[in-house]
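This report describes a single protein chain, moving from individual residues to the overall fold. The sequence and the model are shown first.

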Amino acid sequence: MPYERLLPPVLLLFSNVFMTFAWYAHLKHKDIALWKVILASWGIAFFEYLLMVPANRMGSAVYSAPQLKGMQEVLTLLVFAGFSYWYLGQPLKWNHWAGFALIAAAAWLIFLE
């Protein structure tokens, strides 16, 4: 079934949206006490785990663990690039894109048989 191959990346994509907000949204709100930020981040991360764990469990039926990790890293970078630009107002520079491209190339290598 095609959904067996598609559902894990879709879940990973959405889990990475939660993860990115949990890890980086507080950078825009440095006036909030650190302990509050930590609690909020843990609360957001809970929803990340609700998507990430099933994505990896289901994905392991069609992808290897290294392939799942490589896929997750590329999705993380794509989500982060958009988040950095639109939410934090920090567009990526050429060297960031070049570094991300190298990581994407590494992930591609993981998928070679």
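Is lysine 69 buried, partly exposed or exposed? Lysine 69 is partly exposed, its relative accessible area being 47%. That value places lysine 69 in the middle class because it lies between the cut-offs of 20% and 50%. The model in which this residue is described is a predicted one.

**Salt bridge**

Lysine 69 has glutamate 73 as its salt-bridge partner, and the closest N and O atoms of the pair are 2.7 Å apart. The structure holds one salt bridge. Why are glutamate 73 and lysine 69 separated by about one helical turn? The two are four residues apart in helix 3, so about one helical turn lies between them. Glutamate 73 is partly exposed as well, with 28% relative accessibility.

**Largest pocket**

Glutamate 73 also appears in the description of the largest pocket, which holds about 240 Å³ of space. This pocket is lined by 15 residues, and Met19, Trp23, Gln72, Glu73 and Thr76 are the closest to its centre. Which helix gives the largest share of the lining? Helix 3 does, with eight residues. Helix 1, helix 2 (34-59) and helix 3 (65-86) each contribute at least two residues to the lining. Sorted by class, the lining consists of eight nonpolar, four polar and three charged residues.

**Nonpolar surface patch**

Tyr3, Leu7, Val10, Leu13, Phe14, Val17, Phe21 and Met58 together make a nonpolar patch on the surface, with an area of about 650 Å². Helix 1 (residues 2-24) provides the largest share of this patch, namely seven residues. Phenylalanine 21, one of the patch residues, is placed in helix 1. The relative accessible area of phenylalanine 21 is 32%, which makes this residue partly exposed. Patch members need over 30% relative accessible area, so phenylalanine 21 meets that cut-off with its 32%.

**Accessibility of selected residues**

The table collects the residues for which a relative accessible area is given here.

| Residue | Relative accessible area | Class |
|---|---|---|
| Alanine 81 | 7% | buried |
| Glutamate 73 | 28% | partly exposed |
| Phenylalanine 21 | 32% | partly exposed |
| Lysine 69 | 47% | partly exposed |
| Lysine 93 | 54% | exposed |

Alanine 81 is located in helix 3. With 7% relative accessibility, alanine 81 is under the 20% cut-off and therefore counts as buried. Alanine 81 and phenylalanine 100 are 19 residues apart along the chain, and their C-alpha atoms are separated by 9.4 Å.

Lysine 93 sits in the loop that runs between helix 3 and helix 4 (94-111). Its relative accessible area of 54% is over the 50% cut-off, so lysine 93 counts as exposed. Lysine 93 and leucine 7 are 86 residues apart in sequence, and the C-alpha to C-alpha distance between them is 32 Å. Leucine 7 is among the residues of the nonpolar patch.

**Overall fold**

How many helices and strands are there in the protein chain? The chain has four helices and zero strands, and its pattern along the sequence is α-α-α-α. The C-alpha trace spans about 50 × 35 × 20 Å along its principal axes. Of the 113 residues in the chain, 32% are buried.

Methods
Residues are numbered from 1 along each chain as its sequence is written. This is a predicted model: local features need pLDDT of at least 70, side-chain atom pairs count only at pLDDT 80 or more; totals for chains, interfaces and linings use all residues. Side-chain values use heavy atoms; hydrogens and water are left out. Patches are made of residues with over 30% relative accessible area and no salt bridge: like charges are joined within 9 Å, nonpolar side chains (Val, Leu, Ile, Met, Phe, Trp, Tyr) within 5 Å. Accessible areas come from the Shrake-Rupley method with a 1.4 Å probe; for residues, only the protein chains shown count as cover. A salt bridge is a side-chain nitrogen of Lys or Arg within 4 Å of a carboxyl oxygen of Asp or Glu. Buried means under 20% relative accessible area, exposed over 50%, partly exposed in between (1.4 Å probe, protein chains only). On a 1 Å grid over the protein atoms alone, a cavity is a set of points where a 1.4 Å probe fits but cannot get out, and a pocket is an open set with protein on both sides within 12 Å along at least five of seven lines; lining residues have an atom within 4 Å of a point. Grid points are joined across faces, edges and corners, and a volume is the space filled by probe spheres set on the points. Ala, Val, Leu, Ile, Met, Phe, Trp, Tyr, Cys and Pro count as nonpolar, Asp, Glu, Lys and Arg as charged, and the others, Gly among them, as polar.
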